[in-house]
Amino acid sequence: MSLLQLQNYNFFLIFPQKICTFAATFLYNTSNLRYNFLQTIMLIQLLKSKIHNVTVTDANLNYIGSITIDEDLIDAANLIAGEKVHVVNNNNGERIETYVIKGERGSGTICLNGAAARKFQLGDVVIIMAFALMDVEEAKQFQPVIIFPDTTCNKLL
């Protein structure tokens, strides 16, 4: 119950000093707790995985959504099915967020599905990135996985 709610019940009128003391103590303690809590759990977002410069092989407007990626590329970039990714179109500057669907292994498939198909065309060169949250100390040691497939066939060199 907040201090404002206590005022509505006339408690504030009966025990004004005790309630004010309690409220001041509570606010002081929780603000220190919140400060310490935020200090201990501060997380930053870092690049986790990147597939640099692959070519869009298909754009399927009539699919529910997502990006279909060759399973070889998913494994090499340390991505997983369902993971949120950012996709940047180098040809027109569009940038979207979507999720990964496994494509046929070894096929070189990069297919934008659903509404994203309007922003990406066959032959566009894209960058696919995933990010992770980690604490500052862990982030200082972390190395992202970045792969550079052949842009002509989307296969690893």
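This is a short walk through the predicted model shown above, from the overall layout to the core, a buried serine, the surface and two unusual backbone angles.

Start with the layout. The protein chain has five helices and eight strands. Read from the N terminus, the order is α-α-α-β-β-β-α-β-β-β-β-α-β. The chain has 157 residues, and 34% of them are buried. If you take the contacts between residues at least 6 apart in sequence, 80% join residues at least 24 apart. The accessible surface is about 10100 Å², with 57% of that belonging to carbon and sulfur atoms.

Now the core. In soluble globular proteins, nonpolar side chains tend to be buried together. Here the largest nonpolar core holds 21 residues, and the members that touch the most others are Ile51, Ile69, Leu79, Ile110 and Ile128. Which elements give two or more residues to this core? They are strands E1 (43-55), E3 (66-70), E4 (84-89), E5 (95-103), E6 (110-113) and E7 (125-135), together with helix H4 (71-76). The largest share, three residues, comes from E7.

Take Ile51 as one of these members. Setting aside neighbours within four places in sequence, Ile51 is in contact with Ile69, Leu73, Ala77 and Leu79, with Val126, Ile127 and Ile128, and with Ile147 and Pro149.

Next, a polar residue, Ser49, which sits in strand E1. Is Ser49 buried or exposed? Ser49 counts as buried because its relative accessible area is 1%, and the cut-off is under 20%. What does its side chain pair with? One polar contact goes to the side chain of Lys48, at 2.9 Å. In addition, a polar atom of the Ser49 side chain lies 2.7 Å from the backbone oxygen of Ala77. Beyond four places in sequence, the residues in contact with Ser49 are Ala77, Asn78, Leu79, Ile128, Met129, Ala130 and Val145. Ala77, Leu79 and Ile128 are also among the contacts of Ile51.

On to the surface, and charges. Side chains of opposite charge can pair when their charged atoms come close. The count for this model is eight salt bridges. I will go through three of them.

The first one I picked is Arg105 with Asp75, where the closest N and O atoms are 2.9 Å apart. This pair links distant parts of the chain: Arg105 is in the loop between E5 and E6, Asp75 is in helix H4, and they are 30 residues apart. Arg105 is partly exposed at 42% relative accessible area, and Asp75 is partly exposed at 43%. Both belong to a salt-bridge network that also includes Glu71, Asp72 and Lys102.

Then there is Lys84 with Glu97, with 3.3 Å between the closest N and O atoms. Lys84 lies in strand E4 and Glu97 in strand E5, so this bridge ties together parts 13 residues apart in sequence. Lys84 has 49% relative accessibility and therefore counts as partly exposed.

The last of the three is Lys140 with Glu137, at 3.2 Å from N to O. These two are about one helical turn apart, because they are separated by three residues in helix H5 (residues 136-141). Lys140 is exposed at 55% relative accessible area, and Glu137 is exposed at 53%.

The surface also has a nonpolar patch. Tyr63, Ile64 and Tyr99 form it, and together they have about 350 Å² of accessible area. Ile64 is placed in the loop between strand E2 (58-60) and E3. With 80% relative accessibility, Ile64 counts as exposed, since the cut-off is over 50%.

Last item, the backbone. Most residues other than glycine have a negative phi, and most peptide bonds are trans. Which residues have a positive phi here without being glycine? Asn78 has a phi of about 60°, and the phi of Asn154 is near 60°. Asn78 lies in the loop between H4 and E4 and is partly exposed, with 44% relative accessible area. Asn78 has already come up, as one of the contacts of Ser49. Asn154 lies in the segment after strand E8 (145-147). Asn154 counts as buried, at 1% relative accessibility.

Notes: Residues are numbered from 1 along each chain as its sequence is written. This is a predicted model: local features need pLDDT of at least 70, side-chain atom pairs count only at pLDDT 80 or more; totals for chains, interfaces and linings use all residues. Side-chain values use heavy atoms; hydrogens and water are left out. A nonpolar core is a set of buried Ala, Val, Leu, Ile, Met, Phe, Trp, Tyr and Cys residues joined through side-chain atoms within 4.5 Å. Buried means under 20% relative accessible area, exposed over 50%, partly exposed in between (1.4 Å probe, protein chains only). Helices (H or I, at least four residues) and strands (E, at least two) are DSSP runs, numbered from the N terminus. Contact means heavy atoms within 4.5 Å. A polar contact is a pair of N or O atoms within 3.5 Å; within protein, one must be able to donate a hydrogen and the other to accept it, and residues adjacent in sequence count only if both atoms are side-chain atoms. Patches are made of residues with over 30% relative accessible area and no salt bridge: like charges are joined within 9 Å, nonpolar side chains (Val, Leu, Ile, Met, Phe, Trp, Tyr) within 5 Å. Accessible areas come from the Shrake-Rupley method with a 1.4 Å probe; for residues, only the protein chains shown count as cover. A salt bridge is a side-chain nitrogen of Lys or Arg within 4 Å of a carboxyl oxygen of Asp or Glu.
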